[in-house]
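The following note is offered to a colleague who is meeting this structure for the first time. Please read it with the model at hand.

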Amino acid sequence: SFGGASGSLTITPASVGSGVNLPSLGTNEQYGSVCYGKGIYVVSKYKSVSPYTVSKIAVSTDNGSTWSDSTIPTMDIGGHQAVISCAYGSSMDKFVLLGSFGSSYATDTTAYSTDAITWSAGGNLPAVDNWRGVVYGGGKFIAYKDGGFAYSTNGTTWSSGSFGSFSPASLSLAYGNGVWIGCSTGNGYGTYRSLDGGSTWSQCL
């Protein structure tokens, strides 16, 4: 308990509860990102050592009580492909998967689905590179990598974007209230924002 002039606050540890485990991971497999849309949770998977092929996602349609493991054939390229990130775009009613892992196995691959069950090969990203993640906001998907990004307004075709003077590494992106915020924890560190959908960026922190 914490007391003060205006009252007190008591913190009670949360119980672990009775959650259900995600599908079993194989040797060296890891879960990546999670997204939600249309009552469906999607969790991406990848492997931490070569060969990086996983090309799987875990899907739940009952608020995480049960999960099914699903393979995405369109993401398996050359034996070194993984689903590194996922996002849902409400304006276009699509889930998008981003494939990549490690600069030695760079790619430009995406996949999309409207139900997280049946997947199709998406359009290629503008460059074969070490893409790190995909997020959605303001009517567009943004796939990002060190120093640059690509965007899509339909989830299937992609165009190059530029951070301008912002040259991020280990980037994290978020969108809200019409503003994109990008935070870099590597070289080119700093926090930048865009007020025009990603066309221009200025440092804010």
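The numbered points below take up sheets, cores, cysteines and two loop residues in turn.

1. Status of the model. The reader should keep in mind that this is a predicted model.

2. The sheet from S7 to S10. Four strands form an open sheet in the order S7-S8-S9-S10, and their pairing is antiparallel. Strand S7 (83-89) and strand S10 (120-121) are the edge strands; each has a single partner strand, so one side of each has no neighbour in the sheet. Within this sheet, strand S8 (residues 94-99) and strand S9 (residues 110-113) run antiparallel and are joined by 4 bridges. As an example of the residue pairing, Val96 has Tyr112 in S9 as its bridge partner.

3. The sheet from S11 to S14. A further open sheet of 4 strands follows the order S11-S12-S13-S14, again with antiparallel pairing. Its edges are strand S11 (131-137) and strand S14 (159-161), each with a single partner strand, so that one side of each is left without a neighbour in the sheet. From one strand to the next, the twist averages 30°. Strand S13 (residues 148-152) pairs with S14 in the antiparallel sense over 3 bridges. Here Tyr151 has Ser159 in S14 as its bridge partner. As a general remark, strands of a sheet pair through backbone hydrogen bonds, either parallel or antiparallel.

4. The nonpolar cores. Which residues have the most contacts inside the largest nonpolar core? They are Val42, Ile57, Phe95, Leu97 and Trp119, in a core of 14 residues. Strand S4 (40-47), strand S5 (56-60), S7 and S8 are the elements that give two or more residues to this core. S7 supplies the largest share, 3 residues. There is also a second, separate core of 13 residues, which includes Tyr46, Ala87, Met92 and Val134. In soluble globular proteins, nonpolar side chains tend to be buried together.

5. The cysteines. How many disulfides does the model contain? The count comes to 0 disulfides. Cys35 is in no disulfide, and the nearest cysteine sulfur, in Cys86, lies 3.5 Å away. Because a disulfide is counted for a pair of cysteine sulfur atoms within 2.5 Å, the 3.5 Å between the sulfurs of Cys35 and Cys86 does not qualify. Cys35 is buried, with a relative accessible area of 8%. For Cys183, the closest cysteine sulfur is that of Cys204, at 8.9 Å, too far for a bond. Cys183 is partly exposed, at 32% relative accessibility.

6. Asn63. This residue has a phi near 60°, a positive value in a residue other than glycine. Asn63 is located in the loop between S5 and strand S6 (68-71). Is Asn63 buried or exposed? With a relative accessible area of 65%, Asn63 is exposed.

7. Ala116. Phi is positive at Ala116 too, near 65°, and this residue is likewise other than glycine. Ala116 sits in the loop between S9 and S10. Its relative accessibility is 1%, so Ala116 counts as buried. Taken side by side, Asn63 is an exposed loop residue, whereas Ala116 is a buried one.

Methods
Residues are numbered from 1 along each chain as its sequence is written. This is a predicted model: local features need pLDDT of at least 70, side-chain atom pairs count only at pLDDT 80 or more; totals for chains, interfaces and linings use all residues. Side-chain values use heavy atoms; hydrogens and water are left out. Two strands pair if DSSP finds at least two bridges between them. A nonpolar core is a set of buried Ala, Val, Leu, Ile, Met, Phe, Trp, Tyr and Cys residues joined through side-chain atoms within 4.5 Å. Buried means under 20% relative accessible area, exposed over 50%, partly exposed in between (1.4 Å probe, protein chains only). Axes are lines fitted to C-alpha atoms, for helices over the stretch in contact, and angles run from 0 to 180 degrees between N-to-C directions.
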